[in-house]
Amino acid sequence: VDDPLEQAIKFLQPLQTLAKDRIETHLMAFEVYYRKQKSLLMLQSLKRAYKVDPKNPKLHSCLIRFYQFVQKNKTSWDPNVDQVITQETKVYLEGKDAVSLNKEFLEKNSNSLGAVLEGAKVMYELDKKRQNEAISLATSLDNKYDDVNIEVCTDILKSLTNGDFGGCDAQLEEYTKRCNVRFPYTAVFKPPSSEPDLHIESANHVQEH
């Protein structure tokens with residue numbers, strides 16, 4: 001069976017030329033190279049993404065993950081590789097640690113729920129003890145945000161469901177209820193019990209006749 005990551009790289013290579021102005025292309029490339037642990041190709045993807053949209057919230061998450069990867073692995077690298085990465089990341093990391101960078105990101109983007117979601121995920125990833133604080137940030141529907149909409153709230157729901165904040169069944173249920181109140185016609189926020197049981201209705205219909 002072919003390596004799925006190798007297949008993904010083959011798929012990505014033409015995209016990096018044909019869709020080089022779309023940040024999604026470079027963020028996708030970063031994810032693939034992150035899983036392959038290809039540090040220089042990760043860096044290349046981040047540089048290309050930064051050139052397209054330096055303020056993209058998902059780019060922030062990738063930069064922090066790359067920072068963590070570098071800190072964990074740099075002692076095993078060739079000194080030349082370490083020198084290149086240190087030099088090239090100065091403009092992005094500004095000599096700060098991951099916690100400081102994330103705190104600054106959250107402060108600068110306090111009016112965007114989509115950005116706060118990414119910052120909250122990073123907060124939890126950096127310190128699991130801050131789970132409640134991170135979830136509270138991500139699940140706020142405060143009117144101070146410019147982008148409390150179905151798309152962003154669905155992304156938050158996916159993050160809660162996929163384990164980006166660890167186990168949080170109670171918070172997930174509570175958030176779904178609040179979104180259902182705010183977006184009552186959006187199916188993804190409807191609790192399972194609100195769906196009609198077609199089998200029961202069908203059985204009742206048969207009995208009536």
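**Figure 1. Order of secondary-structure elements in the predicted model.** From the N terminus onward, the elements of this predicted protein run α-α-α-α-α-α-α-α-α-α-α-α. The secondary structure comprises twelve helices and zero strands. Of the 209 residues, 39% are buried. Among contacts between residues at least 6 apart in sequence, 60% join residues at least 24 apart. Carbon and sulfur atoms account for 51% of an accessible surface of about 13100 Å².

**Figure 2. Close-up of helix α3, residues 39–52.** This helix has 14 residues and spans 20 Å from its first C-alpha to its last, close to the 20 Å expected at 1.5 Å a residue. Its buried residues are Ser39, Met42, Leu43, Ser45, Leu46 and Ala49. They lie on the same side of α3 because they cover an arc of only 160 degrees around the axis.

**Figure 3. Salt bridge between helices α3 and α5.** The side chains of Glu88 and Lys47 meet at 2.8 Å, N to O. The pair links distant parts of the chain, with Glu88 in α5 (residues 79–88) and Lys47 in α3, 41 residues apart. Glu88 is partly exposed, at a relative accessible area of 30%, and Lys47 is likewise partly exposed, at 35%.

**Figure 4. Salt bridge within helix α11, residues 169–182.** The side chains of Glu173 and Lys177 form a salt bridge of 3.5 Å, N to O. Because Glu173 and Lys177 are four residues apart in this helix, about one helical turn separates them. Glu173 is partly exposed, at 48% relative accessibility, whereas Lys177 is exposed, at 51%.

**Figure 5. Network of salt bridges.** The linked residues are Lys58, Glu118, Lys121 and Asp164. The count of salt bridges in the model comes to 13.

Terms used:
Residues numbered from 1 in each chain as written. Predicted model: local features only at pLDDT ≥ 70, side-chain atom pairs only at ≥ 80, totals over all residues. Heavy atoms only, no water. Helix = DSSP H or I, 4+ residues; strand = E, 2+ residues; numbered from the N terminus. Buried < 20%, exposed > 50% of the residue type's maximum accessible area, 1.4 Å probe, protein only. Contact = heavy atoms within 4.5 Å. Areas by Shrake-Rupley, 256 points an atom, 1.4 Å probe, with all protein chains shown as cover. Expected span 1.5 Å × (residues − 1). Arc of directions from axis to C-beta. Salt bridge = Lys/Arg side-chain N within 4 Å of Asp/Glu carboxyl O.
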